[in-house]
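Trainee: Please go through this model with me. I would like to hear the reasoning behind each label.

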Amino acid sequence: TVNISSLEQTIKIKSNSALPIDWQASSSATWLTLTKLDDGFLKVSVDLNAAPADALTNSEILISAVNNDVVIGSTLPVSLFRSDTQTENKVLNDITVNTDTMVSAPNAPYFYIGVANELRVYQQYSSDLIQSVIVSPENTLLEQFIVHPDGSKLLAKAVETITNEDETTSEIVHRYLINLSDYSFTEIAEPTIDFEPSRYVQFSGRYFIVTQALEFADDNLQLIFREPSLRNSASTIEQPSDAEALYTLDASEMPIKRYTAQVNDFTQEKIITTLTHEYKPELLAESERVSSFVVNNNETAIYAISPTSEHISFDGTLFTDNGLLAQAEGTTTLSVEKSKNNFAHYVRFEPGVGFTIDIYNQQAELTSTINTQGQQPTSIDISADDKRLLINATNSTQVEIVTLEQFEVSATQLTFHTTFGNTSIAAQEVNISGVSDSWLATV
């Protein structure tokens with residue numbers, strides 16, 4: 001749009017082969033430029049001069065092996081939204097978001113919300129309602145949205161209360177698999193998992209649903225494997241996007257656990273997990289707990305919520321507790337989320353100011369603070385391009401859509417040279433992009 005631009009992304013290309021694979025990337029889209037980088041990364045850039053104007057354009061990137069037909073390739077969906085309009089902060093009023101249903105599309109400028117028994121689809125820049133689909137029975141709440149990482153499907157749940165002949169009640173749990181290309185859906189018949197689904201995870205190039213009890217299942221929630229050593233259900237499950245490790249948080253004495261996994265279809269246990277680390281932050285008192293956390297893409301940092309420990313680094317072997325992040329005095333932390341570019345976003349309450357979002361860069365430095373519309377955020381989510389922040393304020397039945405203030409400054413360094421007594425100094429320029437007209441420079 002006029003004031004938001006996201007024209008380049010870097011993708012980690014992974015393989016489940018024990019041997020190195022020489023891979024290549026291609027696309028039929030003339031507006032895409034693909035550059036193969038070192039260490040298995042692919043840079044995807046957009047040429048606006050070749051892109052359609054005022055349109056949402058979809059394409060694909062094909063990842064394949066070079067001169068090796070045995071290796072199964074992969075297709076990555078890509079979308080480009082181009083508009084000559086200004087993107088503004090918006091508030092959707094009189095909307096009650098169901099539990100765990102506000103989520104951004106991973107590869108399109110949309111976000112999804114569950115309202116009553118409906119799936120609603122909104123445009124992330126204009127905030128317009130694109131689609132509304134009734135999925136579950138009347139008088140039920142469509143909840144627990146889990147979107148597949150490739151953006152093709154969404155899992156959801158609804159609980160229906162039935163009045164029996166003897167006037168007692170019973171509950172029927174409905175689980176749905178929704179196709180996000182046309183919003184058709186099917187009800188999943190007879191799931192074999194015992195606990196609530198948490199998220200999709202990827203091991204050896206394949207995706208699985210994992211539950212709070214580390215049950216691994218397919219899209220139809222048929223159980224494949226359950227981690228036998230788990231003593232407590234996990235309140236948080238995270239997977240770094242560039243690694244195949246799995247992190248969990250539970251109520252044990254060593255709350256943060258790290259797992260790896262192996263997939264083998266030719267054994268009785270098709271997935272075998274290994275617990276590699278159990279960790280409690282060093283600065284955390286015995287009676288204190290970590291309530292939530294996120295892991296950055298290459299698992300070098302954990303951003304947590306706890307009384308003493310927010311920034312935890314990991315070198316592949318040891319965790320290091322770096323204490324609390326920079327923040328206003330007297331704040332209370334409510335939640336934490338991570339953007340695709342590894343920026344941590346903390347929702348905090350600051351006395352005298354209200355509810356704010358503190359944003360930290362990859363060096364764990366506080367880069368900006370966003371004030372909300374004064375209502376307590378119940379949850380937040382970040383768009384796939386890292387440019388829009390969704391804030392669910394359940395108590396006030398509203399959703400805020402805010403443009404993130406992540407400044408991009410050119411590498412130009414300003415150095416002024418003059419002689420003593422000379423008041424005429426040549427002007428210099430530095431480029432600042434990714435911001436609106438409401439910015440200020442100070443010295």
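Mentor: Gladly. A strand here is a DSSP run of E with at least two residues, and strands are numbered from the N terminus. With that in hand, Asp100 can be placed in the loop between β7 (90–93) and β8 (103–104). Keep in mind throughout that the model is predicted.

Trainee: Why is Asp100 called exposed?

Mentor: Its relative accessibility is 58%. Exposed requires a value over 50%, so Asp100 earns the label.

Trainee: What makes the phi of Asp100 worth a remark?

Mentor: Its sign. Phi is near 55 degrees, which is positive, and the residue is not glycine. Most residues other than glycine have a negative phi.

Trainee: Which other loop residue has a positive phi although it is not a glycine?

Mentor: Glu190, with a phi of about 50 degrees. Its loop runs between β15 (185–187) and β16 (197–203). At 70% relative accessibility, Glu190 is also over the 50% cut-off and therefore counts as exposed.

Trainee: Let us step back to the whole chain. What does its secondary structure come to?

Mentor: There are zero helices and 36 strands.

Trainee: And how do you know that the chain is as compact as a globular protein of its length?

Mentor: By setting two values side by side. The globule rule gives 22 Å for 443 residues, and the chain has a radius of gyration of 24 Å; the two are close, so the description holds. Along the principal axes, the C-alpha atoms fill a box of roughly 95 × 65 × 50 Å.

Trainee: How much of the chain is buried?

Mentor: Buried residues are 44% of the 443. The chain exposes about 23200 Å², with 47% of that supplied by carbon and sulfur atoms. As for contacts with a separation of 6 or more, 46% of them join residues 24 or more positions apart.

Trainee: How far apart are the mean positions of the positive and negative charges?

Mentor: They are 5 Å apart, for 24 positive and 59 negative charges.

Trainee: What makes a group of residues a nonpolar core?

Mentor: The members must be buried, must come from a set of residue types such as Leu, Phe and Tyr, and must be joined through side-chain atoms within 4.5 Å. In soluble globular proteins, nonpolar side chains tend to be buried together. The largest core here has 19 residues, and Tyr112, Leu119, Phe145, Leu154 and Ile178 touch the most other members. At least two residues each come from β9 (110–115), β10 (118–123), β12 (143–147), β13 (153–163) and β14 (169–179). The largest share, three residues, is from β13.

Trainee: Which residues does Phe145 touch beyond four places in sequence?

Mentor: Among them are Tyr112, Leu119 and Leu154, which are also on the list of members with the most core partners. Asp100, the loop residue we began with, is another residue that Phe145 touches. A second, separate core has 15 residues, including Phe208, Val210, Leu246 and Ala261.

Trainee: Why is Ser170 called partly exposed?

Mentor: Its relative accessibility is 29%. Buried means under 20% and exposed over 50%, so a value in between is partly exposed. Ser170 is in strand β14, and beyond its sequence neighbours it is in contact with Glu160, Thr161, Ile162 and Asn164.

Trainee: How do you know that Asp84 is exposed?

Mentor: Its 57% relative accessibility is over the 50% cut-off, so it counts as exposed. Asp84 is in the loop between β6 (74–82) and β7. Leaving out residues up to four places away, it touches Val2 and Asp54. The C-alpha atoms of Asp84 and Asp54 are 6.7 Å apart, with their positions 30 residues apart along the chain.

Trainee: What makes Arg231 an exposed residue?

Mentor: A relative accessible area of 61%, which again is over 50%. Arg231 is in the loop between β19 (223–226) and β20 (236–238). Beyond four places in sequence, it touches Lys257 and Glu278.

Trainee: And why does Asp315 count as exposed?

Mentor: Its relative accessible area is 59%, over the cut-off of 50%, so the label follows. Asp315 is in the loop between β26 (311–314) and β27 (319–321).

Conventions: Residues numbered from 1 in each chain as written. Predicted model: local features only at pLDDT ≥ 70, side-chain atom pairs only at ≥ 80, totals over all residues. Heavy atoms only, no water. Buried < 20%, exposed > 50% of the residue type's maximum accessible area, 1.4 Å probe, protein only. Helix = DSSP H or I, 4+ residues; strand = E, 2+ residues; numbered from the N terminus. Contact = heavy atoms within 4.5 Å. Rg over C-alpha atoms; globule rule 2.2 N^0.38 Å. Areas by Shrake-Rupley, 256 points an atom, 1.4 Å probe, with all protein chains shown as cover. Lys, Arg positive; Asp, Glu negative; His and termini not counted. Charge placed at Lys NZ, Arg CZ, Asp CG, Glu CD.
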